[in-house]
Amino acid sequence: ILTGLLGQIAGMLQLADVITPMGNTLVSNVPGPAERLYLKGAPLVEMHPVSTLPATHLLNITLFSYAGTLYFGLIATDALPNLG
(Lines give C-alpha, C1' and ligand atoms only; values in the text may rest on other atoms or scores of the structure.)
Protein backbone atom coordinates (compact mmCIF):
# COMPACT_ATOMS: atom_id res chain seq x y z
CA ILE A 1 0.00 0.00 0.00
CA LEU A 2 2.82 2.36 0.88
CA THR A 3 4.67 1.95 -2.42
CA GLY A 4 1.43 2.47 -4.36
CA LEU A 5 0.70 5.61 -2.38
CA LEU A 6 4.20 6.98 -3.01
CA GLY A 7 3.78 6.24 -6.73
CA GLN A 8 0.47 8.13 -6.81
CA ILE A 9 2.00 11.12 -5.02
CA ALA A 10 4.94 11.13 -7.45
CA GLY A 11 2.48 11.05 -10.36
CA MET A 12 0.38 13.92 -8.98
CA LEU A 13 3.46 16.07 -8.37
CA GLN A 14 4.90 15.12 -11.78
CA LEU A 15 8.02 13.68 -10.16
CA ALA A 16 7.84 10.28 -11.86
CA ASP A 17 10.64 11.16 -14.30
CA VAL A 18 12.81 12.75 -11.60
CA ILE A 19 12.80 10.27 -8.71
CA THR A 20 14.28 6.78 -8.79
CA PRO A 21 11.57 4.21 -9.64
CA MET A 22 10.51 1.77 -6.92
CA GLY A 23 10.38 -0.91 -9.59
CA ASN A 24 9.86 -1.14 -13.31
CA THR A 25 7.48 -4.09 -13.66
CA LEU A 26 4.37 -4.99 -11.71
CA VAL A 27 2.93 -8.51 -12.04
CA SER A 28 -0.43 -9.53 -10.59
CA ASN A 29 -2.63 -12.61 -10.77
CA VAL A 30 -6.39 -12.18 -10.46
CA PRO A 31 -8.29 -15.45 -10.03
CA GLY A 32 -11.57 -15.35 -11.89
CA PRO A 33 -14.55 -17.70 -11.89
CA ALA A 34 -13.76 -21.36 -12.60
CA GLU A 35 -17.09 -21.96 -14.36
CA ARG A 36 -18.44 -20.29 -17.50
CA LEU A 37 -20.74 -17.32 -16.90
CA TYR A 38 -23.93 -16.46 -18.82
CA LEU A 39 -25.95 -13.30 -19.38
CA LYS A 40 -29.57 -13.97 -20.41
CA GLY A 41 -28.50 -17.34 -21.82
CA ALA A 42 -25.54 -16.02 -23.83
CA PRO A 43 -22.17 -17.44 -22.71
CA LEU A 44 -19.38 -15.08 -21.76
CA VAL A 45 -16.61 -16.30 -24.06
CA GLU A 46 -13.55 -14.39 -22.80
CA MET A 47 -12.56 -12.05 -19.98
CA HIS A 48 -9.48 -9.89 -20.41
CA PRO A 49 -7.82 -7.94 -17.60
CA VAL A 50 -7.45 -4.18 -17.68
CA SER A 51 -5.19 -2.68 -15.06
CA THR A 52 -3.55 0.57 -14.05
CA LEU A 53 0.11 1.51 -14.17
CA PRO A 54 1.69 3.22 -11.16
CA ALA A 55 3.47 6.45 -12.06
CA THR A 56 7.00 5.14 -11.41
CA HIS A 57 6.62 1.80 -13.26
CA LEU A 58 7.16 0.96 -16.93
CA LEU A 59 5.16 -2.26 -17.36
CA ASN A 60 2.15 -3.91 -15.72
CA ILE A 61 1.44 -7.57 -16.45
CA THR A 62 -1.91 -8.87 -15.20
CA LEU A 63 -2.95 -12.53 -15.42
CA PHE A 64 -6.64 -13.38 -15.18
CA SER A 65 -8.11 -16.86 -15.16
CA TYR A 66 -11.59 -17.60 -16.46
CA ALA A 67 -13.22 -21.01 -16.98
CA GLY A 68 -9.91 -22.87 -17.16
CA THR A 69 -8.17 -20.37 -19.47
CA LEU A 70 -5.49 -17.83 -18.54
CA TYR A 71 -5.65 -14.36 -20.13
CA PHE A 72 -2.85 -11.78 -20.14
CA GLY A 73 -3.11 -7.99 -19.97
CA LEU A 74 -0.09 -5.78 -20.70
CA ILE A 75 -0.06 -2.06 -19.93
CA ALA A 76 3.10 -0.03 -20.62
CA THR A 77 4.41 3.51 -20.84
CA ASP A 78 5.73 5.14 -23.99
CA ALA A 79 9.23 4.09 -22.84
CA LEU A 80 8.39 0.59 -24.17
CA PRO A 81 7.30 1.38 -27.76
CA ASN A 82 7.72 -2.18 -29.12
CA LEU A 83 5.42 -3.91 -26.62
CA GLY A 84 2.65 -4.71 -29.09
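Modeller: A strand is a DSSP run of E covering at least two residues, and strands are numbered from the N terminus. The model is predicted. Thr62 has its place in strand 4, which covers residues 59-66.

Colleague: Why does Thr62 count as buried?

Modeller: The cut-off for a buried residue is a relative accessible area under 20%. Thr62 has a relative accessibility of 5%, so the residue counts as buried. In the chain of 84 residues, buried residues make up 15%.

Colleague: Which residues does Thr62 touch, leaving aside those up to four places away in sequence?

Modeller: Thr62 touches Ser28, Val30, Pro49, Ser51, Tyr71, Phe72 and Gly73.

Colleague: What makes the pair Thr62 and Ser28 a polar contact?

Modeller: A polar contact requires a pair of N or O atoms within 3.5 Å, one able to donate a hydrogen and the other to accept it. The side chains of Thr62 and Ser28 are joined at 3.4 Å. Because the cut-off is 3.5 Å, the value of 3.4 Å for Thr62 and Ser28 meets it.

Colleague: What makes strand 4 and strand 5 a pair?

Modeller: Pairing requires at least two bridges found by DSSP. Strand 4 and strand 5 (residues 69-76) are joined by 8 bridges and run antiparallel, so the requirement of at least two is met. Within this pairing, Asn60 stands opposite Ile75 of strand 5. The two strands form a hairpin with 2 residues between them, and Ala67 in the turn has a positive phi of about 50°.

Colleague: How many bridges join strand 1 to strand 4?

Modeller: There are 6 bridges between strand 1 and strand 4, and these strands run parallel. Since at least two bridges suffice, strand 1 and strand 4 also pair. Thr25 has Leu59 in strand 4 as its bridge partner.

Colleague: Why is the pairing in the sheet called mixed?

Modeller: The open sheet is formed by 3 strands in the order 1-4-5, with mixed pairing. Strand 1 and strand 4 run parallel, whereas strand 4 and strand 5 run antiparallel. Strand 1 (25-30) and strand 5 are the edge strands, as each pairs on one side only. From one strand to the next, the twist averages 15°.

Colleague: What pattern does the chain follow along the sequence?

Modeller: The chain has 1 helix and 5 strands, and the pattern reads α-β-β-β-β-β. Of the contacts between residues at least 6 apart in sequence, 50% join residues at least 24 apart. The accessible surface of the chain is about 6,200 Å², with 63% belonging to carbon and sulfur atoms.

Terms used
Residues are numbered from 1 along each chain as its sequence is written. This is a predicted model: local features need pLDDT of at least 70, side-chain atom pairs count only at pLDDT 80 or more; totals for chains, interfaces and linings use all residues. Side-chain values use heavy atoms; hydrogens and water are left out. Helices (H or I, at least four residues) and strands (E, at least two) are DSSP runs, numbered from the N terminus. Axes are lines fitted to C-alpha atoms, for helices over the stretch in contact, and angles run from 0 to 180 degrees between N-to-C directions. Buried means under 20% relative accessible area, exposed over 50%, partly exposed in between (1.4 Å probe, protein chains only). Contact means heavy atoms within 4.5 Å. Accessible areas come from the Shrake-Rupley method with a 1.4 Å probe; for residues, only the protein chains shown count as cover.
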